[in-house]
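I opened this entry to look up strand pairing, disulfides and nonpolar cores, and I note each result with the cut-offs behind it.

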Amino acid sequence: MRRILLLSLLAATAAMFVGATPASATVLCKTATEPCTSTYPAGTTLQTSLKSGTQFTLEAGFVNIACSETSMKGEVTNAGPGNVSGTITSISFGGCGSVTVDVLNSKGTFSIAAGTGGNGTVALTGVEVTFAWSGTSCVYGFGGGTAAGQLSGGSMASMTEEASVPKIGGGFSCASPANWKAPLTVTSPEPLYVEDKAAEPVVLCKIAEETCTSPYGKETMIEGTIVGSWLLKAGFAEIKCTGASINGSVTNPGPTGPVTGTVNSIGFSSCGSATVDVLKNGTFAIGSPSGGNGTFKLEGFEVTVSVGGTSCVYGGTVSFSLTGGATASLKSTGSLAKLSGGATCASPASLTAEYKVNLPEPLYVEAKEGVSEPVVLCKSATSPCTGTYPKGTVVEAASTGSWLLEAGFANITCTVNSVKGEVTNPGPSGPVAGTVSTLSFSSCGSATVDVFKNGTFSIGSPSGGNGTFKLEGFEVTVAVFGTSCVYGGPATFSLTGGTTASLKATGGLAKASGGILCANPAALSANYKVTAPAPLYVEAS
C-alpha cells in the first residue's frame, strides 16, 4: 500500500512538472516572461510536497487510501528546448494508516510541457509501486508515460492533481485504473514558471555578421539623440520636444538572453510651453535579432508632462525598432501607459520618436557570438602560410575605372578614389583588422564627396588565397546641386589574391541621413587594385 501511495505521489509531482502533450519548446523559468530570459539549467532539483492541511488519496477498489505526508524529488537532465525532462531521485510518504506502500521502481522519469500563462502539464514514466492492506496487494505504475497533472506557475508553484493510475499487477479487487488526487506545492525551485521558449541569444556587434566575432562588452555606452521631434499625444495636449536624448550602460552583454542595461539619463528640451520631467530612468533590453536589426525596450521609467497647470505621469515599457548600421537608429510608433493623472490624460498616450544612435558606432544586433576562422595575410599562395604580413603593414588600394554610387537623386561617378589603412591585428585569431587612415574621392564631375569618418577595415573568409574586405564605420556626404545625402559602412568587397590583388564591391551603402530623394541603400559599383602589399593572398593559417 505504501508503494501505491508513493506511485500516486510520484505521478502528482511529475504532473506538476510536465505536460503529456509535446511542446515545440519548453523551458523552466525564474520569471513570468515570454520568451524566458532567466531559465533553470540542467541539474536543477525539483521537489514537491502536499499542501498544508490536505491529503493524498488513492481509490484502489478494495480500499481507499489516504496519506497525510507525501513528497517527491527529481533532477532536470534536459532543460529544453523541447519538453523539459529529468529523473525521479526519491519518493517518501507517511501518515497512511494501516496501508503499506512499497516502491518497486523509484527511478522513473518525468517530462514537462508548456501550456499558457507560465503553466504546464506533467507526464511520468517507469514508476511502479505496490500497496497492501489486510492481505490484498496491488501494483500500479506509469510504464510508457501517463499524464499526471497541471502545474500552475508562480512565486511558489503548485499543482492540483487528479489522475488515473494504470494497474500493473494484482487481483480482480484491485481497481484498474485507480483514481488518485493530490494537491501539491513545489518547494523547489522558487519561483517557477513553465514557458514555451527561451529568449534568443543576443549580442551587440561591431560588424554585420551572423556569428559575431567582435561583440561589444559589459559597460558599453549606448547613447541616442532625437531625429526631428519627440511627440506624445497626451489627450489634453500634444507634447512636442525637438531636443531629446537617452544614455545607458550595458550590464549584460549577452549572448544568453537579451542584452540588458541601466539607463543613466533621459533628457527632454525645447518642448514649447510644456515641461517634461523625468522621475525614473529605468532599464533597457535589446533582443529579437534579425539581419543585424532588433528591438530596444525601455522599461520601468516614468515622466511627468505638464501644460497649463495640467499634469500627467506616463511610463512603464515602450518598444523601439532598432535598425543596425554604421550609425544605428531607434524608432517608436507605440504608446506610453498612464500611471497617474486626471480624466483629460490620454490612457495610453501615443508616442512617435526616432533616435540616432551616436554610441556605439557601428552597431548591429546579432543572434550568435563565436570565433571566426583563423586568417592571415600571406606573401605567397601557400596553405599553411609560410610568410605572413605583420602588424603595421600598410594596405593601400586605388580605383580602376570609376567609383559609382547610385544615390537616387543622382548617380555619383568619381574616376579617382583611394583607400589606405594599417593592420592592427594581423591574425590568425579572428579576421585581420586595421584602421583606415585615408579615404579620398576626386574627379567626381559636378558632385562633391566629403569624408567625415574613415572607419576601420577587416579581412576574412579565406578561400584559395581569396577573401572578403570590409570597410566599416566610415561616413561620406555626397552632394549635387544643393541636395546632400550621408552614406556609410559597412561596404563589402570581394578580395582576389594575387601578385597584384584586387577588390570588387558587392553591395551597397546604407543611408545615414538625408531627404526622401536619397536612395536607401545606394547601390555601389567599384573596383580597386591593391598597390600595397604586393603580392597579397588571404589564407586560413
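I looked first at β11 and found that three bridges join it to strand β14 (residues 167-170), the two running antiparallel, with V139 opposite G169 in β14. Strands here are DSSP runs of E, at least two residues long, numbered from the N terminus, and two strands pair if DSSP finds at least two bridges between them.

This is a predicted model, in which local features need pLDDT of at least 70 and side-chain atom pairs count only at pLDDT 80 or more, while totals for chains, interfaces and linings use all residues. Residues are numbered from 1 along each chain as its sequence is written, and side-chain values use heavy atoms, with hydrogens and water left out.

I then followed β11 (residues 136-141) to β10 (residues 128-133), its antiparallel partner over six bridges. The two form a hairpin with two residues between them, and S134 in the turn has a positive phi of about 50°.

Next I checked disulfides (cysteine sulfur atoms within 2.5 Å) and noted a count of eight. C138 and C174 form one, with sulfur atoms 1.7 Å apart; its S-S torsion is about -85°, so the disulfide is left-handed. This pair links C138 in strand β11 to C174 in strand β15 (residues 174-188), 36 residues apart. C138 is buried (under 20% relative accessible area, 1.4 Å probe, protein chains only), at 0%.

Last, I looked up the largest nonpolar core (buried Ala, Val, Leu, Ile, Met, Phe, Trp, Tyr and Cys joined through side-chain atoms within 4.5 Å), which has 46 residues, with W403 and L471 among those with the most contacts inside it.

Notes: Helix = DSSP H or I, 4+ residues; strand = E, 2+ residues; numbered from the N terminus. Buried < 20%, exposed > 50% of the residue type's maximum accessible area, 1.4 Å probe, protein only.
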